[in-house]
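Work through the exercises below with the structure in view. Try each task before reading its solution.

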Amino acid sequence: MHFFRFWSGGVVLFVLVFYLSIAWGGTFSSPSDVFQVLISREPNNYGQASILYQRFPRALIAIYAGVIMASSGLVFQGLIRNPLASASSLGINAGATLFVVGGALLFGANLPEQGVSALCGGLFGFLLCTLIARIAGNNEKTTGLMLILSGSLVTMLLIGLSNALLLSYADRRGEFLSWIAGNINHAYIDRLYQFWWIGLIALALVFVLSKPLTLILLGNEKAASMGVKTVAISRFAMACAIVASCSAVAVCGPISFIGLIVPHMVKPLVGQDFRVTLPASALTGAILCLLASTISQNAFQPYVVNTGIILDLFGGIVFILLIRKFYVSPKNRSNI
């Protein structure tokens with residue numbers, strides 16, 4: 001029953017939020033106006049041009065970022081076995097951001113090269129986070145709060161370096177100043193065109209591994225007894241999630257907290273099976289990111305706020321609540 005309610009309600013909500021993101025702008029377009037854009041275009045119609053070349057590209061970028069970040073967050077939390085794990089708390093977003101900015105400003109990287117830089121940077125950020133956690137934990141397991149604290153440290157360091165680079169290149173600062181704060185903007189549609197396939201292929205590979213990943217959640221020993229190659233599958237799925245996250249960063253900058261929040265919203269409703277939670281997380285992430293993008297574009301007129309800022313404000317509150325639930329409560333202090 002919960003499963004049916006979730007999907008029926010989720011699909012309806014997605015359609016409504018998608019329509020709102022397309023219709024809400026300088027003027028509010030009716031459903032007939034939006035439909036008219038799809039069947040016939042009037043070159044001199046500003047309203048149609050606004051829908052087709054501004055709002056629709058923004059909606060596509062928001063859907064992609066939401067799907068990728070929510071799905072990868074589910075993978076990180078499941079395999080690392082930490083409820084606070086996400087691309088934003090493991091240094092992945094920050095590493096991808098630094099390498100994109102550094103590659104463009106220092107080496108003149110073009111758009112495809114910036115995508116490669118994001119993939120390398122995300123992997124670097126995660127490995128650096130793991131290394132610091134192991135050193136701080138005296139080479140013991142790093143699945144507790146130590147990994148999240150290391151990720152926070154790495155994120156502050158790498159984002160600080162990114163900002164320092166922007167300050168050093170005043171003539172090109174405008175290209176990345178908004179992007180680095182997480183900006184879903186129609187101007188980045190070329191980036192989506194370049195990198196969308198990377199994230200979707202990575203998520204498709206994770207979905208293929210849904211059954212063994214679900215068994216791994218029950219424990220490595222149980223999964224191994226059923227013939228699952230736990231180490232190989234876990235590392236491959238983690239790599240796919242990192243690659244997917246970096247592709248989203250390459251498109252619109254570091255969109256935070258979607259990957260942290262969505263798994264906690266979805267799992268109580270649909271369970272733990274990756275074959276169900278992965279598409280459910282993707283749908284929920286798309287809805288939240290679309291909604292945040294629409295609010296950032298229209299709720300503060302005549303000003304436009306970056307989507308990343310809206311998500312940071314909302315996600316920061318949820319992050320505090322999760323810290324209180326999983327680490328501050330007496331029964332969970334052993335996780336620290």
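**Exercise 1.** In this predicted model, decide how H5 and H6 are oriented to each other.

Solution. Start with the angle. Helix H5 (residues 111-136) and helix H6 (residues 145-168) pack at about 130°. Their axes lie 8 Å apart. Now apply the cut-offs: over 145 degrees counts as roughly antiparallel, and 65 to 115 as roughly perpendicular. The pair fits neither class, so H5 and H6 are oblique to each other. Last, the handedness: H5 crosses H6 in a right-handed sense.

**Exercise 2.** Find residues of H5 and H6 that meet, and sort the contact by class.

Solution. On H5, look for Phe124, Leu128 and Ile132, among others. On H6, the partners include Met146, Leu153 and Leu158. Then sort by class: the contact has 11 nonpolar residues, four polar ones and no charged ones.

**Exercise 3.** Which elements give two or more residues to the lining of the largest cavity?

Solution. First count: there are two cavities of 30 Å³ or more. The largest holds about 70 Å³ of space. Its lining includes Trp24, Arg55, Arg58, Ser293 and Gln297. The elements sought are helix H3 (46-80) and helix H13 (274-298). H13 gives the largest share, five residues. By class, the lining has four nonpolar, five polar and two charged residues.

**Exercise 4.** Describe the second largest cavity by volume and lining.

Solution. The volume is about 40 Å³. Among the lining residues are Met69, Ser72, Asn93, Phe257 and Gly259. H3 and helix H12 (258-270) each supply at least two. The largest share, three residues, comes from H3. Finish with the classes: five nonpolar, seven polar and no charged residues.

Technical notes
Residues numbered from 1 in each chain as written. Predicted model: local features only at pLDDT ≥ 70, side-chain atom pairs only at ≥ 80, totals over all residues. Heavy atoms only, no water. Axes fitted to C-alpha atoms, helices over the stretch in contact; angles between N-to-C directions. Helix = DSSP H or I, 4+ residues; strand = E, 2+ residues; numbered from the N terminus. Parallel < 35°, antiparallel > 145°, perpendicular 65-115°, else oblique. Left-handed = near helix turned anticlockwise from the far one by under 90°. Contact = heavy atoms within 4.5 Å. Nonpolar A, V, L, I, M, F, W, Y, C, P; charged D, E, K, R; others polar. 1 Å grid on protein atoms, 1.4 Å probe; cavity = no way out; pocket = protein on both sides within 12 Å on 5 of 7 lines; lining within 4 Å. Points joined across faces, edges and corners; volume = space filled by probe spheres on them.
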